Amino acid sequence: MNPVTSQQTIVNCLGAPWPEDLSSSFLDQLRGQGVKVVGCTANLTWDDTLESIENFEAVKSIVRDHPHAYILRSAADLDREENRGKVGVLLGLQNPKPLADSLGLLDAFFDLGLRCLALAFNENSYYGCGYASEVDTGLTSIGKKAIKRMNELGIVIDLSHSGDRTAMEALELSEQPVIFSHSTSRALFNRPRSAPDPLIVAAAKKGGVICQDVRANTSVAEYVDWIDYCVKLVGIDHVGVSAQDDWHRSYKDTKRIAPYVPSFAAEFAKRDWSEDRIYRRDGIGAKLLDSENLQAELTGRNYSDESIGKILGGNMMRVLRRVLH
């Protein structure tokens, strides 16, 4: 597939929510869409330290073997001539579990390529509370130190999955913009993992970006309805996109993740689990970023080229250029 000709810079903030999603064929698909940067969760969210190191290296091997991809480590990488026409892969963790209670491990994973980090996945972490916590007590003492260290190192802070108080304390403490790599307003999708509007507004005031999670939508039109809502809430400079498919390898893995994925729990009981196989949820998925889908819908709603550019990737590129050293 040849890359499309487009003047827009596209950032798919979390195109690969699982390590196995970042395949060579998916990188080809992203390049064909004109994607400049894609976020990838480089471990399974329940992995410990050693398992996470193994998965980081597996993902990096896929990138190294692809002629048109590279690991994004610094803002300067975005402008290197040798990276022109390539997809930059932003390695992240949705759960700081592998980092335990050691800031040394945060530094070690930075050396491995970690550049985006969420504060908790579901339950509490050493850093703070996840959205499922019955009582959100906010950042822990090591969580506060980790926020400062992430600022120093150049790691993007991701508020997706965090409890409301933990997320608010993190963005208030951070000297850099924070993001929601895959979320939406709780007013649109009423679940604890969605972000309350006051939190979205506070993040925007610090220069942050909320990337609308495509998995919560059933059509491109609905997705843009939700973009419209967030643009009206915080302005055109603070909205981005997250377009991913849901892949699940086995009964065991699907059972583990079912509570976290919109509508998947209901689908879970309907599947034939007589053998291990990869299942894919129906929906828009990564195809959202095909030019005839999202860009066309935004154009049809009279968004200017400048505004479309900001939503598709300009806003996230601003954050990446500021946060990554």
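Buried means under 20% relative accessible area, exposed means over 50%, and partly exposed is in between (1.4 Å probe, protein chains only). By that yardstick Ala 100 is partly exposed, because its relative accessibility is 23%. This is a predicted model, where local features need pLDDT of at least 70 and side-chain atom pairs count only at pLDDT 80 or more, while totals for chains, interfaces and linings use all residues. Numbering runs from 1 along each chain as its sequence is written, and side-chain values use heavy atoms, with hydrogens and water left out.

**Cores**
- The largest nonpolar core (buried Ala, Val, Leu, Ile, Met, Phe, Trp, Tyr and Cys joined through side-chain atoms within 4.5 Å) has 70 residues, and Leu 22, Leu 106 and Leu 294 have the most contacts inside it.
- Helix α7 (220-234) gives the most to this core, with seven residues; helices are DSSP runs (H or I, at least four residues) and strands are too (E, at least two), numbered from the N terminus.
- A second, separate core has 19 residues, among them Tyr 70, Val 209, Val 319 and Leu 320.
- Beyond four places in sequence, Leu 106 is in contact (heavy atoms within 4.5 Å) with residues including Tyr 127, Arg 149 and Ile 155.

**Helix α5**
- Thr 166, Ala 167, Ala 170 and Leu 171 are the buried residues of α5 (164-173).
- They line one face of the helix, because they fall within an arc of 125° seen down its axis, taken from the directions from the helix axis to the C-beta atoms.
- They pack against α4 (141-153) and α6 (197-205).

**Positive phi outside glycine**
- Ala 100 has phi near 50° and lies in the loop between β4 (87-93) and α3 (103-112).
- Asn 302 has phi of about 70°, in the loop between α10 (294-300) and α11 (305-323).
- Asn 302 counts as exposed, at 70% relative accessibility.
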